[in-house]
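Here is a short briefing on one structure. The points are grouped by site.

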Amino acid sequence: SDAFADFLIPRGYAVGFISVGGTGNSGGCFRDGGAIERKQLADAADYMASQTWSNGNVAAIGVSYDGTTANELFVDAPASIKTVVPMEAISDFYRYTFNIGGIIRESTTFFTTYYYPLVGLSPVGLEGGIGPSEPASYVTELQGEPCPEQLAIQQESVTTELTTEKTPFWQERDAIALVEASLDKPRPSMFFVQGYQDANVDPQMADGFLEAVQKTGVPLHVWFGQWVHAYPQSTGTAACEAKAPCRGDFFETFLLAWFDQFLKGRNTGVLDTPMVQTQADDGVWRHEESWPPKTLQTTALFPQADGSLGLAVGSATASYLDAGPNQAEETNTGTQIILPVAAPGAFIEFVSSPLDKPLRLTGLPRFESVMTSDAPRANVVATLMERFPDGTQRYLNFAALSLNHAESLASYD
């Protein structure tokens with residue numbers, strides 16, 4: 001953005017803006033990620049590194065899809081890219097559309113269908129973007145519009161919405177699997193930024209991805225905080241103000257030190273800081289040396305026949321009719337849970353005894369059970385909530401799985 005240019009240029013940096021292939025002033029076909037898009041991004045980075053005004057070291061930074069391109073550059077890792085800063089970024093396009101367990105997300109369903117007209121139509125898409133800056137490129141851009149690849153992507157999107165299979169199209173856009181498959185490949189450092197209140201590119205994008213990045217051994221720094229789908233300095237939003245300042249006080253200071261370390265070769269001390277800085281919803285920050293934290297303890301609670309949660313394995317059966325309305329409304333400003341969500345009998349509830357001491361929750365919950373369904377398609381969503389003495393409840397997290405993908409996301413049974 002212009003704000004980055006205004007901040008970085010006076011401090012000795014050149015700032016470049018890249019239109020992904022088939023968007024903005026770039027010609028070609030917009031492919032919603034994939035190998036060709038990653039190669040185009042790498043070529044653009046190498047071009048900037050080769051300029052006479054460049055020292056050959058390039059960083060990639062952005063929010064949302066812009067941040068996703070930083071993840072794409074981390075996957076292909078051209079030599080010119082020395083560090084990436086993905087913020088609110090997609091690590092797995094399939095997960096962005098279907099959650100981890102193969103269940104369609106209402107807020108991003110048909111993403112690879114609707115995103116093309118928003119950003120790909122000439123000259124800047126229906127969403128507008130930064131606006132056309134080079135009218136001479138209009139002809140090239142228009143020539144790329146009726147590309148057969150985009151037609152195939154539209155077909156793939158509609159078909160997958162019906163089957164929810166993680167086909168080769170989606171596998172080609174899974175940064176987690178691609179990094180895991182090439183851990184020995186030299187890669188740039190990463191400064192990973194994610195807002196806990198982001199219900200667009202939500203925090204599940206970090207699950208598995210940060211573990212894969214850590215396996216590569218590259219320098220990694222992580223910020224988790226109480227901001228939404230925005231830069232962490234966006235403290236003016238209601239979600240941020242309600243949870244405490246969103247660390248805009250020194251985001252740019254740390255970012256400059258990070259760039260100076262990896263683009264200018266200065267020892268700024270950023271490598272001596274804790275790997276992870278995370279802010280809970282009480283506004284308190286803490287430091288961790290890894291993610292998930294090494295001090296993490298797993299607590300197993302077992303459903304009991306009387307509807308309680310206990311420490312001993314129970315033995316009973318229960319059934320319900322999944323006929324309730326939507327449980328959550330996802331927006332860019334957070335997730336609003338609407339309760340009650342269903343009539344009695346439309347869900348099964350298990351309640352623990354009152355907690356006798358504070359409990360900090362980290363990561364995604366895991367629910368294991370033996371289940372059967374009398375329908376050809378069935379989804380299971382386990383919601384973790386806190387119930388207060390007055391009966392009010394607070395949504396904490398959820399786990400979701402399509403029973404048709406119990407064995408594999410790549411096949412539909």
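Start with D92: leaving aside neighbours within four places in sequence, D92 is in contact with K166, R173, D174, I176 and M205. The model is predicted. Three sites follow: a loop aspartate, a surface patch and a hairpin.

**D92 and its surroundings**
- D92 sits in the loop that runs between β2 (81-87) and α4 (93-98).
- The relative accessible area of D92 is 3%. D92 counts as buried because that value is under 20%.
- A polar contact links the D92 side chain to the backbone nitrogen of Y94, at 3.0 Å.
- The contacts of D92 beyond four places in sequence include K166 and R173. D174, I176 and M205 are also among them.

**Nonpolar surface patch**
- F110, Y114, V158 and L162 make a nonpolar patch on the surface, of about 350 Å².
- Helix α7 (residues 148-163) carries V158.
- V158 has a relative accessible area of 41%. V158 is therefore partly exposed, as the value falls between 20% and 50%.
- That 41% is also over 30%, so V158 meets the area cut-off for patch residues.

**Hairpin β12–β13**
- Strands β12 (residues 379-387) and β13 (residues 393-402) run antiparallel and are joined by 9 bridges.
- The two strands, β12 and β13, form a hairpin with 5 residues between them.
- G391 lies in the turn and has a positive phi of about 95 degrees.
- R387 stands opposite Q393, a residue of β13.

Terms used. Residues are numbered from 1 along each chain as its sequence is written. This is a predicted model: local features need pLDDT of at least 70, side-chain atom pairs count only at pLDDT 80 or more; totals for chains, interfaces and linings use all residues. Side-chain values use heavy atoms; hydrogens and water are left out. Two strands pair if DSSP finds at least two bridges between them. Helices (H or I, at least four residues) and strands (E, at least two) are DSSP runs, numbered from the N terminus. Patches are made of residues with over 30% relative accessible area and no salt bridge: like charges are joined within 9 Å, nonpolar side chains (Val, Leu, Ile, Met, Phe, Trp, Tyr) within 5 Å. Accessible areas come from the Shrake-Rupley method with a 1.4 Å probe; for residues, only the protein chains shown count as cover. A salt bridge is a side-chain nitrogen of Lys or Arg within 4 Å of a carboxyl oxygen of Asp or Glu. Buried means under 20% relative accessible area, exposed over 50%, partly exposed in between (1.4 Å probe, protein chains only). A polar contact is a pair of N or O atoms within 3.5 Å; within protein, one must be able to donate a hydrogen and the other to accept it, and residues adjacent in sequence count only if both atoms are side-chain atoms. Contact means heavy atoms within 4.5 Å.
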